[in-house]
Amino acid sequence: MQSCESSGDSADDPLSRGLRRRGQPRVVVIGAGLAGLAAAKALLEQGFTDVTVLEASSRIGGRVQSVKLGHATFELGATWIHGSHGNPVYHLAEANGLLEETTDGERSVGRISLYSKNGVACYLTNRGCRIPKDVVEEFSDLYNEVYNLTQEFFRHGKPVNAESQNSVGVFTREEVRNRIRDDPDDPEATKRLKLAMIQQYLKVESCESSSHSMDEVSLSAFGEWTEIPGAHHVIPSGFMRVVELLAEGLPAHVIQLGKPVRCVHWDQASSRPRGPEIEPRDEGDHNHDAGEGSQGGEEPREERQDEDEQWPVVVECEDCEVIPADHVIVTVSLGVLKRQHASFFRPGLPAEKVAAIHRLGIGTTDKIFLEFEEPFWGPECNSLRFVWEDEAESCTLTYPPELWYRKICGFDVLYPPERYGHVLSGWICGEEALVMEKCDDEAVAEICTEMLRQFTGNPNIPKPRRILRSAWGSNPYFRGSYSYTQVGSSGADVEKLAKPLPYTESSKTAQGSSSKQLPGHLLSSKCPEQSLEPNRGSIKPMQVLFSGEATHRKYYSTTHGALLSGQREAARLIEMYRDLFQQGT
């Protein structure tokens with residue numbers, strides 16, 4: 001095992017050394033997505049100066065990833081600002097002139113097709129026929145009625161019957177089917193089409209929830225997710241502009257890229273100036289193959305001189321650097337926590353937090369961008385939706401690997417063409433998305449072209465000139481797109497995931513800003529007149545804090561949820577140290 005070096009203050013940063021001796025708390029933020037950047041920005045703005053953000057990848061942004069091709073910017077990750085009234089992401093973008101409205105109603109029409117509020121969705125069958133507009137409208141009204149019912153179980157305390165299996169998908173499929181079959185006015189052929197459309201709508205819904213299937217989404221908790229009122233917006237210059245705005249005010253040394261973390265050692269009971277005793281680990285426990293190393297040209301940190309200091313937390317990086325801290329804000333995705341929590345935290349997480357991690361859900365939603373020389377769709381068409389007629393009686397949205405393409409729910413037309421060119425954006429989710437990620441670009445482009453030919457009935461559609469796609473499920477730093485409340489979970493699990501460690505009476509009251517709760521070295525250096533030096537065995541509060549979209553009870557799965565969760569955890573520390581900073585640095 002390579003020996004690990006304990007990092008204290010930067011050798012070329014005497015100001016930082018001076019602040020540490022004067023009692024500045026050290027905060028390490030793991031992850032430079034919206035949550036991590038929002039937390040770091042809030043802390044720095046409130047007087048914290050010893051803040052470090054460790055980002056495993058070579059870029060900031062997390063699940064925001066804007067890719068520029070030619071004159072257009074395509075979003076592999078977050079695309080829309082969902083709602084405007086009180087949405088901090090909206091206000092940040094609006095204040096900087098970044099916005100373009102895509103829907104004019106408070107609830108998006110067509111739900112996932114938000115690139116344009118103009119045009120209509122073209123529903124096509126695998127026989128190459130377009131479903132009549134009146135049939136689509138009738139089915140859409142029926143589906144939306146049932147969708148609204150799914151919100152009532154949580155919002156109005158409506159009891160969930162056993163037949164629904166507490167599943168949004170099971171409830172929706174059976175309720176819609178029963179209403180279609182009981183309709184005396186529809187001929188059998190129309191009923192058959194509408195029954196097949198259920199599966200297409202549920203695929204769209206699964207993409208929105210980032211679940212493998214809506215059968216896995218909790219019916220009793222579904223209505224807790226809260227939609228912010230107001231129009232949906234896109235950012236033509238790229239959602240990364242929001243990320244860049246958050247990062248603009250951060251000093252250059254704060255963010256360290258290519259710095260994956262191996263383990264967070266918390267609840268350190270004794271003074272360990274050179275870091276904890278680190279045991280060798282099996283290579284399979286970590287993503288060693290994914291690390292990109294630390295940034296070039298970075299000066300080595302000098303060994304700490306104040307060896308009697310007690311550090312509650314020590315962050316062990318993949319490059320073997322060991323960084324002591326007073327507090328660590330963990331913003332890694334739920335997907336990473338599911339796969340790595342046992343090795344990522346020493347000691348292990350409390351049982352109730354582990355149980356919450358397992359109960360909550362996260363899946364993969366991927367996009368497939370296809371660029372064509374010329375459009376083969378009409379100017380009135382804003383999306384092409386795929387309806388498989390042989391799925392009218394299907395009770396599952398799971399396909400064998402060789403049929404992964406059946407999970408593609410359709411393609412949206414990117415609008416306007418003057419900005420994007422002639423581009424379609426396809427959607428796929430779940431296990432089938434993971435299969436797609438393993439295919440090469442040529443194979444995916446070929447299969448998508450064959451699907452478009454089949455469903456439009458036009459055998460002359462050419463292959464796209466270019467393909468671009470996301471791969472969130474196989475990315476070792478994400479392992480999924482965003483979270484949802486899985487059957488068996490609830491908002492209470494989100495709260496448990498967000499709860500800081502360690503679980504103590506003092507941590508529960510930490511927001512009361514009592515100086516008795518501060519780490520010992522801060523008490524002795526800042527408040528000597530209080531004589532409140534704790535004994536060495538005392539537990540320091542809020543050593544490990546958790547943020548990220550999966551930790552926001554009402555806004556999980558959203559960019560504003562991620563941003564607000566970062567601000568929330570920063571606020572805990574700001575309140576904790578309020579008296580300390582008021583005394584002057």
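1. A residue counts as buried under 20% relative accessible area, as exposed over 50%, and as partly exposed in between. At 33% relative accessibility, Q454 therefore counts as partly exposed. The structure discussed in this note is a predicted model, and the points below go from the whole chain to single helices, loops and residues.

2. On the chain as a whole: the secondary structure comprises 18 helices and 23 strands. The chain has 585 residues, of which 58% count as buried. Its exposed surface comes to about 23300 Å², and carbon and sulfur atoms supply 49% of that area. Among contacts with a separation of 6 or more, 80% are between residues 24 or more positions apart.

3. On Q454 and its surroundings: this residue belongs to helix α13, which covers residues 441–456. Its C-alpha atom is separated by 9.4 Å from that of L124, although the two residues are 330 residues apart along the chain. Once the neighbours within four places in sequence are left aside, Q454 is in contact with T125, N126, R127, G128 and W388.

4. On helix α6: this helix runs over residues 188–209 and has 22 residues. From its first C-alpha to its last it reaches 32 Å, close to the 32 Å expected at 1.5 Å a residue. Helix α6 is mostly covered, as 18 of its 22 residues are buried. The residue that follows the helix is S210, whose phi is positive, near 55°.

5. On K191: this lysine lies in helix α6. Is K191 buried or exposed? Its relative accessible area is 10%, and K191 is therefore buried, given that the cut-off for a buried residue is under 20%. Apart from residues up to four places away in sequence, K191 touches I180, R181, D183 and D186.

6. On A392: this alanine is found in the loop between β18 (381–387) and β19. With a relative accessibility of 0%, A392 counts as buried. The C-alpha atoms of A392 and M197 are separated by 7.4 Å, while the residues themselves are 195 residues apart along the chain. Not counting residues up to four places away in sequence, A392 touches R177, R192, L195 and A196.

7. On the packing of α3 and α8: two packed helices are described by the angle between their axes and the distance between the axes. Helix α3 (residues 88–95) and helix α8 (residues 240–248) pack at an angle of about 85°, and their axes are 10 Å apart. The two helices are therefore roughly perpendicular to each other, the range for that description being 65 to 115 degrees. Which residues of α3 and α8 meet? From α3 they are V89, L92 and A93, and from α8 they are V242, L245 and L246. The residues of this contact divide into 6 nonpolar, no polar and no charged.

8. On helix α9: this helix covers residues 334–344, and 8 of its 11 residues are buried, so α9 is largely enclosed by the rest of the structure. The buried residues are L334, G335, V336, L337, Q340, H341, S343 and F344.

9. On backbone geometry that merits a reader's attention: most residues other than glycine have a negative phi, and most peptide bonds are trans. Where do cis peptide bonds lie? The bond from R346 to P347 is cis, with omega near -5°. P347 has its place in the loop between β15 (345–346) and α10 (351–359). The bond from Y415 to P416 is also cis, with omega near 0°, and P416 lies in the loop between β19 (410–413) and α11 (417–420).

10. On positive phi values in loops: N166 has a phi near 55°, a positive value in a residue other than glycine. N166 is located in the loop between α4 (133–155) and α5 (168–181). D267 has a phi near 60°, again a positive value in a residue other than glycine. The loop that holds D267 lies between β11 (261–265) and β12 (313–317). At 35% relative accessibility, D267 counts as partly exposed.

Conventions. Residues are numbered from 1 along each chain as its sequence is written. This is a predicted model: local features need pLDDT of at least 70, side-chain atom pairs count only at pLDDT 80 or more; totals for chains, interfaces and linings use all residues. Side-chain values use heavy atoms; hydrogens and water are left out. Helices (H or I, at least four residues) and strands (E, at least two) are DSSP runs, numbered from the N terminus. Buried means under 20% relative accessible area, exposed over 50%, partly exposed in between (1.4 Å probe, protein chains only). Contact means heavy atoms within 4.5 Å. Accessible areas come from the Shrake-Rupley method with a 1.4 Å probe; for residues, only the protein chains shown count as cover. The expected span of a helix is 1.5 Å times one less than its number of residues. Axes are lines fitted to C-alpha atoms, for helices over the stretch in contact, and angles run from 0 to 180 degrees between N-to-C directions. Angles under 35 degrees count as roughly parallel, over 145 as roughly antiparallel, 65 to 115 as roughly perpendicular and the rest as oblique. Ala, Val, Leu, Ile, Met, Phe, Trp, Tyr, Cys and Pro count as nonpolar, Asp, Glu, Lys and Arg as charged, and the others, Gly among them, as polar.
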